Amino acid sequence: MAQAMADGMLASGIVKGEQLYACARQWDKLCRNTEIRGMHACKHAIDMVRQCDIILLAVKPAQMSEAISTVKEHLQGKAVVSIAAGMFFETYEQLLPPHTHHLSIIPNMPVSVCEGVILWEQRNSLQAEEAAAVEQLFSAIAFIEKLESDQMTIGATVAGCGPAFAAMFIEALGDGAVAYGLGREAAYRLCAQMMTGTAKQLLVHPQHPGQLKDRVSSPKGTTIQGVAELERLGFRNALISAIERIEQFRLK
């Protein structure tokens, strides 16, 4: 995910490659990935921390304590931002030295093309100037939604898992079009742009999604026939059940 964020920031022009520093365990892979982006590769995390004002923690939760331990004495005066799933303010209050300025966010994959979602935990310890700088940086790659701590996980289910569901919808709708003669590449392009435009319409002109559905579904028209079939087959319930399944899995 850190790579996706870097790609988005570079594509947006909000930063240049020489402003980004990265550190990872697999040195050869890190060098390849940073070289093609014009970024700096650091063998040791402490070297990266010394060069940066904003530190992005992008390791798996199980590795977070170890990663922090190598640099924790050098985080004063830095804005520490974590993207680790399920790790929020209270956890970092225990892991980080006292008075460290930190924020937890959850990005999703479309940040790589500057159309992502970033969930921003409202409870954080960034200073006002730090928060403004971080928000300006991430606004270039994502829509930022600020949530209470207890809403971050369900928000991540929708924004983080949702792209997989959307891709399945595009694939299935495209298959239906191919079955009736449309070329596959054209089918996927039409489906993807249709979803992009529909989503933008709901964001630019806020309304209940059902209102948009009703506007497209004219009496005795083709659209309402398809809507009725989706309802008969449990389209809505399938999506609601998918969310429930994910949340139940998290509780295990």
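The second largest pocket of this protein has a volume of about 1,700 Å³. The model is a predicted one. What follows starts from that pocket, then turns to the sheet, and ends with a few single residues.

**The pocket**

Fifty is the number to start with: 50 residues line the second largest pocket. Ala2, Ala22, Cys23, Leu56 and Ala58 lie nearest its centre. Several elements give two or more residues to this lining. The helices are α1 (2-12), α2 (27-35), α3 (45-51), α4 (61-69) and α6 (128-139). The strands are β1 (21-23) and β3 (54-57). What kinds of residues make up the lining of the second largest pocket? They divide into 34 nonpolar, 9 polar and 7 charged.

**The whole protein**

The protein has 252 residues, and 31% of them count as buried. Its secondary structure comes to 11 helices and 7 strands. The C-alpha trace spans about 70 × 40 × 35 Å along its principal axes. Contacts also reach along the chain. Take those between residues at least 6 apart in sequence: 55% of them join residues at least 24 apart.

**The sheet**

An open sheet is formed by 5 strands. Their order is β3-β4-β5-β6-β7, and the pairing is mixed. Which strands sit at the edges? They are β3 and β7 (142-147), each of which pairs on one side only. On average, neighbouring strands of the sheet are turned by 30° against each other, direction ignored.

Helix α6 packs on this sheet. It touches β3, β4, β5, β6 (116-121) and β7. The direction of α6 makes about 140° with that of β7. The helix has a second role in this picture, as α6 also gives two or more residues to the lining of the second largest pocket.

Now follow the bridges from strand to strand. β3 and β4 run parallel and are joined by 4 bridges. Leu56 has Val81 in β4 as its bridge partner. From β4 (residues 79-82) to β5 (residues 101-107) there are 4 bridges, and these two strands also run parallel. Here Val81 is paired with Leu103 in β5. Val81 thus appears in both pairings, with Leu56 and with Leu103.

How are the faces of these strands covered? In β4, Ala79 and Val81 on one side are buried, and Val80 and Ser82 on the other are buried too. Both faces of β4 are covered. Strand β3 shows an alternation. Ile55 and Leu57 point to one face and are buried. Ile54 and Leu56 point to the other face and are not buried. Leu56 is also one of the residues that lie nearest the centre of the second largest pocket.

**Single residues**

Ala187 lies in helix α8 (residues 184-204). Is Ala187 buried or exposed? Its relative accessible area is 1%, so Ala187 is buried. Leaving aside residues up to four places away in sequence, Ala187 touches Gly174, Ala177, Val178 and Leu182. Ala177 is 10 residues from Ala187 in sequence, and their C-alpha atoms are 6.2 Å apart.

Ser149 is in the loop between β7 and α7 (152-179). It counts as partly exposed because its relative accessibility is 28%. Beyond residues up to four places away in sequence, Ser149 touches Phe88, Glu121 and Arg123. Phe88 is 61 residues from Ser149 along the chain, yet the two C-alpha atoms are separated by 7.1 Å.

His99 and Cys114 both sit in loops. His99 lies in the loop between α5 (89-95) and β5. Cys114 is found in the loop between β5 and β6. His99 has a positive phi of about 70° although it is not a glycine. Cys114 is not a glycine either, and its positive phi is about 65°.

The table sets out how accessible the four residues of this section are.

| Residue | Relative accessible area | Class |
|---|---|---|
| Ala187 | 1% | buried |
| Ser149 | 28% | partly exposed |
| His99 | 69% | exposed |
| Cys114 | 22% | partly exposed |

Key:
Residues numbered from 1 in each chain as written. Predicted model: local features only at pLDDT ≥ 70, side-chain atom pairs only at ≥ 80, totals over all residues. Heavy atoms only, no water. 1 Å grid on protein atoms, 1.4 Å probe; cavity = no way out; pocket = protein on both sides within 12 Å on 5 of 7 lines; lining within 4 Å. Points joined across faces, edges and corners; volume = space filled by probe spheres on them. Nonpolar A, V, L, I, M, F, W, Y, C, P; charged D, E, K, R; others polar. Buried < 20%, exposed > 50% of the residue type's maximum accessible area, 1.4 Å probe, protein only. Contact = heavy atoms within 4.5 Å. Pairing = 2+ DSSP bridges. Axes fitted to C-alpha atoms, helices over the stretch in contact; angles between N-to-C directions.
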